[in-house]
Amino acid sequence: MTTGIVHLGVGGFHRAHQAMYVDTLLSEGAACDWAFTGVGVLPKDDRIVEVLNAQDGLYTLVVKHPDGHLEPRVIGSIRRLLHAPSEPDAVLEAMCDPATRIVSLTITEGSYLVDQVTGEFDPHHPSIQPDLIENAVPATAFGFIVEALRRRREAGVAPFTVMTCDNLPGNGDVARGTITAFARLKSPELGDWIAANVSFPNCMVDRITPVTTEDDIHRLADEFGIDDGWPVVTEPFTQWVLEDEFPTGRPPLDDAGVQVVPDVMPYELMKLRLLNASHQALCYLGYLSGYRYAHEVAQDQEFARFLLGYMKHEGEPTLPEVPGVDLTAYEHELVARFANPEIRDTLARLCAESSDRIPKWLVPVIRDDLAADRPVERAALVVAAWARYAEGVDEQGEPIDIVDHRKEQVMAAAAKQSDDRLAFIRDPSLFGDLAEQEAFTAPYVAALESLHDKGAAATLRELISRLGD
């Protein structure tokens with residue numbers, strides 16, 4: 001194999017998804033020039049780089065079926081891994097190699113530094129300031145991409161395609177806007193050249209991939225005799241919808257089950273507003289009700305009814321036609337996926353980084369429904385549950401560990417709710433003008449007060465009783 005793709009952000013999702021698709025091609029003797037060089041971008045990524053390099057890049061992908069049986073498969077599509085903070089020159093060398101025709105990313109939604117409401121890139125974010133110093137060694141994904149493109153341009157090498165696989169509406173368009181804006185801060189001419197010459201295809205990716213636990217590692221060794229320092233566990237379902245915009249070529253991913261389409265947006269909105277928003281709909285309410293895993297919540301019939309009601313009456317009406325998809329069947333399949341007891345996806349994981357997730361996944365649903373004079377009571381309850389969760393204490397009086405890069409701001413806003421019921425949603429960078437729209441604030445305040453007075457489970461029952469399915 002030879003490297004054709006350099007991937008930034010070699011976490012569990014990439015290894016359960018993109019690396020798996022390329023491995024499918026490799027196992028059939030195809031795409032041998034499209035293997036991955038993986039890059040750990042953060043200082044803490046040194047461990048995964050060390051573990052996987054010791055295994056020659058090999059790892060086990062373990063599919064967990066609802067009936068309890070495991071389906072392990074060794075993935076071999078990653079040739080090597082590099083640690084960007086300690087090997088920046090090697091990373092740039094790999095990205096500048098003419099054989100590298102794609103640079104892909106899974107760096108999380110918040111890493112694109114986009115204002116949640118305006119969609120504009122934040123040029124003042126502290127994380128990128130060191131990269132803007134002249135002749136600085138890159139430290140961020142943006143820094144490496146722009147420097148590699150600059151070097152390729154100077155050497156007369158065609159630019160690679162930038163393929164983001166993060167959960168963002170129009171993720172390729174977002175990447176184009178942020179990377180070119182970043183590049184213009186360093187060199188306006190270079191930024192203009194990137195905008196004119198680099199392709200940024202949109203795509204939709206979907207596969208629930210919880211954090212690997214020590215139990216997963218031990219079970220793999222006990223049942224299958226595989227000694228793997230960092231396997232990946234995932235669900236049976238997987239989907240990848242991709243726009244075909246690769247000027248320097250791509251692997252034949254359609255032969256591995258990828259849906260290659262002219263416009264990914266309908267599929268992307270379907271996933272973000274139904275699956276991702278439903279994860280938010282279950283995690284805070286479920287946690288406050290005493291659950292700790294997603295499957296426990298989805299197996300509760302009242303929660304299942306609530307999720308299906310949100311999807312049918314508030315999420316689905318905001319979607320365009322999705323070619324070839326029965327949305328009702330898709331929604332019921334989502335609840336079944338959430339209920340898979342073998343995945344054991346923690347609610348704490350789903351509740352993390354809410355300030356990056358709710359504004360991108362649920363707030364657009366609320367805004368579209370308000371504009372069309374449709375109900376938003378279920379979505380209002382979800383936002384109220386986040387506000388109640390952000391107070392940092394559950395209904396049993398136990399502390400909640402809030403994981404969010406805006407932790408101080410959201411907890412400070414939540415602490416003011418006893419005096420000002422709208423305090424949490426007054427932040428325009430998260431909610432725009434929702435605090436000024438009575439059609440939203442009325443059900444939001446009612447839900448927040450009920451959560452404080454009656455608790456999450458009773459509030460949910462009352463809402464279902466009033467609104468039905």
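How many of the 469 residues in the protein are buried, as a percentage? Buried residues make up 57% of them, where buried means under 20% relative accessible area, exposed means over 50% and partly exposed lies in between (1.4 Å probe, protein chains only).

A quick note before the views: this is a predicted model, in which local features need pLDDT of at least 70 and side-chain atom pairs count only at pLDDT 80 or more, while totals for chains, interfaces and linings use all residues. Residues are numbered from 1 along each chain as its sequence is written, and side-chain values use heavy atoms, with hydrogens and water left out.

**View 1. The whole protein, with its 20 helices and eleven strands.** Helices (H or I, at least four residues) and strands (E, at least two) are DSSP runs, numbered from the N terminus. The radius of gyration (taken over C-alpha atoms) is 22 Å, close to the 23 Å from the globule rule for 469 residues, so the protein is as compact as a globular protein of that length. That rule is 2.2 Å times the number of residues to the power 0.38.

**View 2. Two annotated domains from UniProt.** The record (unreviewed entry) puts "Mannitol dehydrogenase N-terminal" at residues 4-254, a span that is 34% helix and 20% strand. It also lists "Mannitol dehydrogenase C-terminal" at residues 263-451, and here the chain is 62% helix and 0% strand. UniProt positions follow the numbering used here, feature names are shortened, and annotations may be inferred rather than shown by experiment.

**View 3. An open sheet in the order E4-E3-E9.** The pairing of these three strands is mixed; two strands pair if DSSP finds at least two bridges between them. Strand E4 (70-75) and strand E9 (232-234) each have a single partner strand, so one side of each has no neighbour in the sheet. Strand E3 (residues 59-64) and E9 run parallel, joined by three bridges, and Leu61 stands opposite Val232 in E9.

**View 4. Ser104, tucked into strand E6 (residues 102-105).** Is Ser104 buried or exposed? Ser104 is buried, with a relative accessible area of 1%. Its side chain makes a polar contact of 2.7 Å with that of His7. A polar contact is a pair of N or O atoms within 3.5 Å; within protein, one must be able to donate a hydrogen and the other to accept it, and residues adjacent in sequence count only if both atoms are side-chain atoms. Leaving aside residues up to four places away in sequence, Ser104 touches Ile5, Val6, His7, Leu8, Phe36 and Met163, contact meaning heavy atoms within 4.5 Å.
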